[in-house]
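I opened this entry to keep track of what I looked up in the model, one topic at a time. My aim is to note each item with its computed value.

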Amino acid sequence: MSYEEGLFYVVAAVTALGGLGVVVNRNVVHAALFLIVALLGVAGIFLLLSAEFLAIVQILIYGAAVTILVLFVIMLTRVRDVPRATIGPQAPLAVAVAGSIFGLLAATILMTDWAALGATEETHLVPVRRLGEVLFSRWSVPFEVASLVLLVALVGAIVLARPEEEE
């Protein structure tokens, strides 16, 4: 195993553990902090792929802006007033579905002939200019829709958190 592979496995483990912490943590604020760890791990994977631009975008947009937005929504809504969800009768079905999805993904990864796909050093390099053209032409509408959804979520949190006025 080379140095790069070992570093990749460490970063991938940090990312996976951060994602697992988001899912299994009952405290919403702690789950948001685990989300930051997972997103920083993804940025580390981008760095290992020599995609510095995507790593910086990952850190600035997702690691900072979106996570801070999530924390504001958590703080502005009265999370403590909402009763905690307990494990109900749907737990065995949820475990079965999650295990099936994991098995399908693992089988797909293990059964794919990666060498036959023709991946070389040059095929994964995308010029930043071309990336910008595609992002601002083809993907501009989905990007704006996602920002609108985040804005609506923030406004909804403020409306929910506002004290009710007596008439």
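I began with the handedness of one helix pair in this predicted model, and I found that H3 passes H6 in a left-handed crossing. The residues of this contact divide into eleven nonpolar, no polar and no charged. From H3 I listed Val 66, Leu 69, Phe 72, Val 73 and Leu 76, which meet Leu 150, Ala 153, Leu 154, Ala 157, Ile 158 and Ala 161 in H6.

I then looked up the geometry of the pair: H3, which spans residues 52-76, and H6, which spans residues 140-161, pack at an angle of about 20 degrees, and their axes are 8 Å apart. Since angles under 35 degrees count as roughly parallel, I entered H3 and H6 as roughly parallel to each other.

Next I turned to helix H1, residues 3-24, where I located Thr 15. Is Thr 15 buried or exposed? I noted a relative accessible area of 15% for Thr 15, and because buried means under 20%, Thr 15 is entered as buried. I also checked the side chain of Thr 15, which reaches the backbone oxygen of Val 11 at 2.9 Å. When I left aside the neighbours within four places in sequence, I found Thr 15 in contact with Ala 38, Gly 41, Val 42 and Ile 45.

Ile 45 came up again when I looked at Leu 7, which also lies in helix H1. The C-alpha atoms of Leu 7 and Ile 45 are separated by 9.3 Å, while the two residues are 38 residues apart along the chain. For Leu 7 I recorded 32% relative accessibility, so that Leu 7 counts as partly exposed.

I went on to the loop between helix H2 (28-48) and H3, where Ser 50 lies. What is notable in the backbone of Ser 50 is a phi that is positive, about 60 degrees, although Ser 50 is not a glycine. With a relative accessible area of 46%, Ser 50 is partly exposed.

Last, I took down the totals for the chain. I counted six helices and zero strands in the secondary structure of the protein chain, and the elements run α-α-α-α-α-α from the N terminus on. Of the 167 residues of the protein chain, 12% count as buried. Among the contacts with a separation of 6 or more, I noted that 65% are accounted for by residues 24 or more positions apart.

Note on methods. Residues numbered from 1 in each chain as written. Predicted model: local features only at pLDDT ≥ 70, side-chain atom pairs only at ≥ 80, totals over all residues. Heavy atoms only, no water. Axes fitted to C-alpha atoms, helices over the stretch in contact; angles between N-to-C directions. Helix = DSSP H or I, 4+ residues; strand = E, 2+ residues; numbered from the N terminus. Parallel < 35°, antiparallel > 145°, perpendicular 65-115°, else oblique. Left-handed = near helix turned anticlockwise from the far one by under 90°. Contact = heavy atoms within 4.5 Å. Nonpolar A, V, L, I, M, F, W, Y, C, P; charged D, E, K, R; others polar. Buried < 20%, exposed > 50% of the residue type's maximum accessible area, 1.4 Å probe, protein only. Polar contact = N/O pair within 3.5 Å; in protein donor to acceptor, adjacent residues only side chain to side chain.
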